[in-house]
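Trainee: I've got a structure open in front of me and I'm not sure how to read it. Can we go through some features together?

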Amino acid sequence: MLDRFSQLVCILALIATATPQGAPIFDVKSPRGLDFTLQNSPTAQKYLIETMPGGVALLDYNNDGLLDIFVVNGGHVSPMSGSGPDSFDRHDPRYWNRLYRQNRDGSFTDVTEQSGLANAGEGNYGQGVAVGDYDNDGFPDLFVTNYGKNILYHNNGDGTFTDVTAKAGVAGGGWSVSAGFFDYDNDGKLDLFVTRYMEWDLQHNKDCGGNFHTYCPPGEFPRTTNILYHNRGDGTFEDVSQRSGIAAKKGHGLGVAFADYDGDGFTDIYVANDGMQQYLFHNNGNGTFTEVGMEAGAALNADGGPLSGMGVVFQDYDNDGLPDVIVTTLPRQTYAVFHNDGHGSFSDRGLQTGITMLSGVTAGWGVGLEDFDNDGQKDLFVAQGHVLDNVEKIDPSLHYLEPPLLAMNRGGGRFEPADPGTHAVVAARGTAFGDLNNDGSIDVVTTVLGGPPQVFMNRGGSNHWLTISLRGTRSNRDGLGARVQVNGQTRFATTSGSYESANDKRLHFGLGPAKSAKVEVLWPSGTHQVLNDVAADQFLEIREPERP
Amino acid sequence: MMHAAITVLTLWLALQTISPEATQHWNAAQHAEQQKQFDVAVKEYRAVTQLEPNFAAGFVSLGQAFMEQRDFSSALAPLKHALELDSNLLPAHQLLGYALLAQGYAAEAIPHLDRAHEQGALGIAQEETGQFSDAIQNLQAALQKRPNDPDLLYYLGRAAGLLSKQSVDTLLAAYPDSSRAYQSMAENYFVLRQMAEAEKQYEQALKLRPDTPNLHLELGQVFAMTSRWPQAEEQFRAESKLQPGNAEAAYRLGDALLQQGKAHEARAVLERSDRLQPQMPETLYALGKAASMEGDASAAEKAWTNLLNIEKEGSLAAQAHFGLAGLYRKQGKTEEAAEHMREFQRLQKSGDTSERQ
């Protein structure tokens, strides 16, 4: 009797935990304690900035093994007073950025004030976030982009952060959007790249759309430059935008992602520009960059059309070892899939991959290529929602609020749509990817204009997996920029990509039925490290050999 | 048109004889007109008409002076009086026609404009009175004399639209549940980009008459606009079956297949479209793209080069240059690639300029 009872319990448990065939991969949740609302504060004046926030980062700020969530807030427009023009107000706690510490039970605790992150900078309107351990002290630091002054928060290692912007010299200015830490000169210290959108201020905003009053397209405003900071290693950065050639190209920069696309050992930069050609900055290896998007075939879509590039991911979707680029765009453009053909050349494979078909009438922002079902193929997730909050008035076949796109990679370079676990339509923006509950499956967090974040908890499955943390010794401490290959799959170590957001720094690989893996790491220092017969289903730290 | 009237009037006037005092006022009026002092001209012409009450030209000129001041209402009486004195006076018909039209009396303006052979204004007046077919005819005739006149083009477009609406209204009133009525409604929704409604109406139309030419084609375009390519493919395939000789149906089917990444199948259908209607630039571009996707560089090169032989300017030509540039770049033919890229950029720039204009 007891045996039968145990058997029944086991069967019931299996039914409860197994992901049924065809069931959504994600369970969309509102974790306890994650009480954030993204305040973009839309106005009748249609300030363009209102539709652009905000970022989200998944980072383990206190090194307790659990990912925490940092979300960037927009701000509030203080209407023009007698003494001056409109400005942004961040004083009210509703407009603060927020850091949520994850608790052991999967709930979150708001630790914004105690961690020293409450001050978002008066006059700033928040945009994005980058994560990187710029001083190699073992604790991830935060860089927050704003319209206004950007802020670098140094992680003190005791649960608190200190605003070190002034000392570091990275305040920038203007309208910064996305940012990312990477080591462009392989000196073991993380440098910083910041995209900027346009020359714009509240006094020179425009209202387009005639009677409908809509946000204006970027072409209505002058282009501007992106910023590259070189890490001096003493807690300060040098603005090398001019010297490196980055400032030679003005654009309408939004998303940014990094990878070494031509295998020359130096990390390159891809910038998603809005309403124009995209930029691929080739790292010349001598501290300078050359913009080669057009020559490389990664600047325009297959028909030579410009793109409203917003989010970008720079990873290898077809397991050929070369990083590809996917750029999210506005409707009627379709998301661009720039396949890396080798020899520094790309071709748009939107049609071949099926992504064109899935993105004809949607607007995409945050984007990631992650193996959600651990089958060894990276899948695509895109946060969606149109720029214009009244787009239906202009084109009733388009929608401001949209569900996300989940497209499963079926191998052979083809993606198929899948149920993302929610049909709720929202204006989603920033998106970060990581394993929130350390169950070996990648979860997703998106930000939503005027609403709480969406948390897509992966239900998991029976496939095996391997998650790798890099511990650089001669390279930067987190090994950002390393190329890691596991059973024929390749990932480029980065926390950047998506839109305005920062991902879990750990590298996740789905192994399918394989119970072990061969792991190869090409460190930024040039060291090539191979590990054979690595057991599946574990979190593995790989330490860079001290000597080559 | 006013200047022509003045010339005719001046010639005609040379044949008339009026008193010296009236002539003095006449000259003063003409001088004032030259100086653009139309209020003075009105005063002087009025003096002429008072001194010479049977002098029709005086009344025409008085009417014209009022019209120069945009006082169409005051122009009506002297112009009408001029025609009472001489019903064959064409300048009076012309000016009265314009004045009546400007005052909103389109029906009354028509006989005068017709008499004066003012086809443009006549077309406008006919459009105002609901005579759309006649309006289109006259506006087209006027456009032959003044090609690309924006006002005439505007009114022609409007008249054609209103004629279309009139036919549709009649159709909907007489046969509200007919296939054509649903089709017509669907087309309106499509133009308004209300795709869900358009889809419903097309489906209703198809239910009633599934063999109506172009219904599947149009419904397919609704699906294409909403990026539902498998459904679009189904409709274009149905249209191709219904009209095997229809090149557009074949092209659209090929494009729907291409959008789904089915390059091989697309290519076969596009080749059929090309055979049905050779030298269609859209088909050639899509053919090149399908061939390129299949890795058949020489077929892609051939299709795009053919396209460029037909069309040297415009967006499709630009796209073909861009495609060729990419193709040559991959083959290591850097000079050819650069040349096509230059052409692509030139066409892009000229496209941007014409868009701004």
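**Reading the model, feature by feature**

Mentor: Let's begin with a single residue: L215(B) has 25 C-beta neighbours inside 10 Å, so L215(B) counts as buried. Keep in mind that this is a predicted model.

Trainee: Where does L215(B) sit, and which residues is it in contact with, leaving aside neighbours within four places in sequence?

Mentor: L215(B) belongs to helix α13 of chain B, which covers residues 215-225. Leaving out neighbours within four places in sequence, L215(B) is in contact with Q183(B), Y202(B), A205(B) and L206(B).

Trainee: How many Å apart in space are L215(B) and I18(B)?

Mentor: From C-alpha to C-alpha they are 71 Å apart, with their positions 197 residues apart in sequence.

Trainee: Okay, let's zoom out. How many helices and strands does chain B have?

Mentor: Chain B has 20 helices and zero strands. Its radius of gyration is 31 Å, while the globule rule gives 21 Å for 357 residues, so chain B is more spread out than a compact globule. Its C-alpha atoms fill a box of roughly 90 × 60 × 30 Å along the principal axes.

Trainee: And what percentage of chain B counts as buried?

Mentor: Of its 357 residues, 44% count as buried. You can also look at contacts along the sequence: taking those in chain B between residues at least 6 apart, 39% join residues at least 24 apart.

Trainee: Now chain A. How many helices and strands does that one have?

Mentor: Chain A has eight helices and 40 strands. Its radius of gyration is 22 Å, which agrees with the value near 24 Å that a compact globule of 548 residues would have. The box filled by the C-alpha atoms of chain A is roughly 80 × 55 × 50 Å along the principal axes. In chain A, 57% of the 548 residues count as buried. Of the contacts in chain A with a separation of 6 or more, 60% are between residues 24 or more positions apart.

Trainee: How do I describe two helices that pack together?

Mentor: The general idea is that two packed helices are described by the angle between their axes and the distance between the axes. Here, take α17 (residues 281-293) and α18 (residues 297-310) of chain B: they pack at an angle of about 160°, with axes 7 Å apart. That angle makes α17(B) roughly antiparallel to α18(B). The crossing of α17(B) and α18(B) is left-handed.

Trainee: Which residues meet there?

Mentor: On the α17(B) side they include L284(B), L287(B), G288(B) and A291(B), and on the α18(B) side they include A300(B), A303(B), W304(B) and L307(B). Sorted by class, the contact of α17(B) with α18(B) has 11 nonpolar, three polar and no charged residues.

Trainee: Is G288(B) buried or exposed?

Mentor: G288(B) counts as buried, because 26 C-beta neighbours lie inside 10 Å and the cut-off is 20 or more. Not counting residues up to four places away in sequence, G288(B) touches A300(B), A303(B), W304(B), A320(B) and G323(B). G288(B) and E301(B) are 13 residues apart in sequence, and their C-alpha atoms are 6.8 Å apart.

Trainee: How do I read the backbone angles?

Mentor: As a general idea, most residues other than glycine have a negative phi, and most peptide bonds are trans. In this model K46(A) has a positive phi of about 55° although it is not a glycine. K46(A) is in the loop between β1 and β2 of chain A, and it counts as buried with 21 C-beta neighbours inside 10 Å.

Trainee: What about N487(A), and where is it found?

Mentor: N487(A) is not a glycine either, yet its phi is positive, about 45°. N487(A) is found in the loop between β35 (483-486) and β36 (489-492) of chain A. With 19 other C-beta atoms within 10 Å, N487(A) is partly exposed.

Trainee: And which peptide bond is cis?

Mentor: The one from P53(A) to G54(A) is cis, with omega near 0°. G54(A) is in the loop between β1 (26-29) and β2 (56-59) of chain A.

Trainee: Last one: how many residues of each chain are in contact with the other?

Mentor: 20 residues of chain B are in contact with 15 residues of chain A. On the chain B side, α15 (247-259) and α19 (315-330) are the elements that give two or more residues. α19(B) gives the most, with six residues. The residues on that side of chain B divide into nine nonpolar, eight polar and three charged.

How values were computed:
Residues numbered from 1 in each chain as written. Chains lettered and ligands numbered in written order. Predicted model: local features only at pLDDT ≥ 70, side-chain atom pairs only at ≥ 80, totals over all residues. Contact = placed C-beta atoms within 7 Å. Nonpolar A, V, L, I, M, F, W, Y, C, P; charged D, E, K, R; others polar. Axes fitted to C-alpha atoms, helices over the stretch in contact; angles between N-to-C directions. Parallel < 35°, antiparallel > 145°, perpendicular 65-115°, else oblique. Left-handed = near helix turned anticlockwise from the far one by under 90°. Rg over C-alpha atoms; globule rule 2.2 N^0.38 Å. Buried ≥ 20, exposed ≤ 12 C-beta atoms within 10 Å, placed from the backbone.
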